[in-house]
Amino acid sequence: MVKMFMGGGNGQWVRTRNKEGAKAFLQERKMESERRQAARTRSRAFWSAARRRIRSIWRRLRG
């Protein structure tokens with residue numbers, strides 16, 4: 001029997017065959033979320049460093 005399991009927090013229903021499948025799905029979603037968060041953190045660090053470099057160059061050029 002195929003059960004419907006409420007996955008995530010956005011109202012999306014997921015078809016699972018058992019509790020292990022549901023647990024694996026939730027774990028995969030959590031890992032995806034953590035990867036996205038890590039990518040955002042890296043991106044923010046990159047752009048923050050880029051802004052610092054640009055400000056430094058601008059200050060040197062202004063005098």
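Colleague: Where is the place of Arg-51?

Modeller: Arg-51 sits in helix α1, residues 19-62; helices are DSSP runs of H or I with at least four residues, numbered from the N terminus. This is a predicted model, where local features need pLDDT of at least 70, side-chain atom pairs count only at pLDDT 80 or more, and totals for chains, interfaces and linings use all residues. Residues are numbered from 1 along each chain as its sequence is written, and side-chain values use heavy atoms, with hydrogens and water left out.

Colleague: Why is Arg-51 called partly exposed?

Modeller: Its relative accessible area is 46%. Buried means under 20% and exposed over 50%, with a 1.4 Å probe and protein chains only, so a value in between counts as partly exposed.

Colleague: Which residues form the positive surface patch?

Modeller: Arg-51, Arg-52, Arg-53, Arg-55, Arg-59 and Arg-62 do. Patch residues have over 30% relative accessible area and no salt bridge (a side-chain nitrogen of Lys or Arg within 4 Å of a carboxyl oxygen of Asp or Glu), and like charges are joined within 9 Å.

Colleague: Happy with that! What makes the pair of Phe-46 and Trp-47 edge-to-face?

Modeller: The ring centres of Phe-46 and Trp-47 are 5.0 Å apart and the planes stand at 80 degrees. Rings pair if their centres lie within 6.5 Å, and planes over 60 degrees apart count as edge-to-face, so the name fits.

Colleague: Are Phe-46 and Trp-47 buried or exposed?

Modeller: Neither: Phe-46 is partly exposed at 45%, and Trp-47 is partly exposed at 49%.

How values were computed:
Patches are made of residues with over 30% relative accessible area and no salt bridge: like charges are joined within 9 Å, nonpolar side chains (Val, Leu, Ile, Met, Phe, Trp, Tyr) within 5 Å. Accessible areas come from the Shrake-Rupley method with a 1.4 Å probe; for residues, only the protein chains shown count as cover. Lys and Arg count as positive and Asp and Glu as negative; His and the chain ends are not counted. The place of a charge is taken as NZ of Lys, CZ of Arg, CG of Asp or CD of Glu. Helices (H or I, at least four residues) and strands (E, at least two) are DSSP runs, numbered from the N terminus. Rings of Phe, Tyr and Trp (its six-membered ring) pair if their centres lie within 6.5 Å; planes under 30 degrees apart count as stacked, over 60 as edge-to-face and the rest as tilted.
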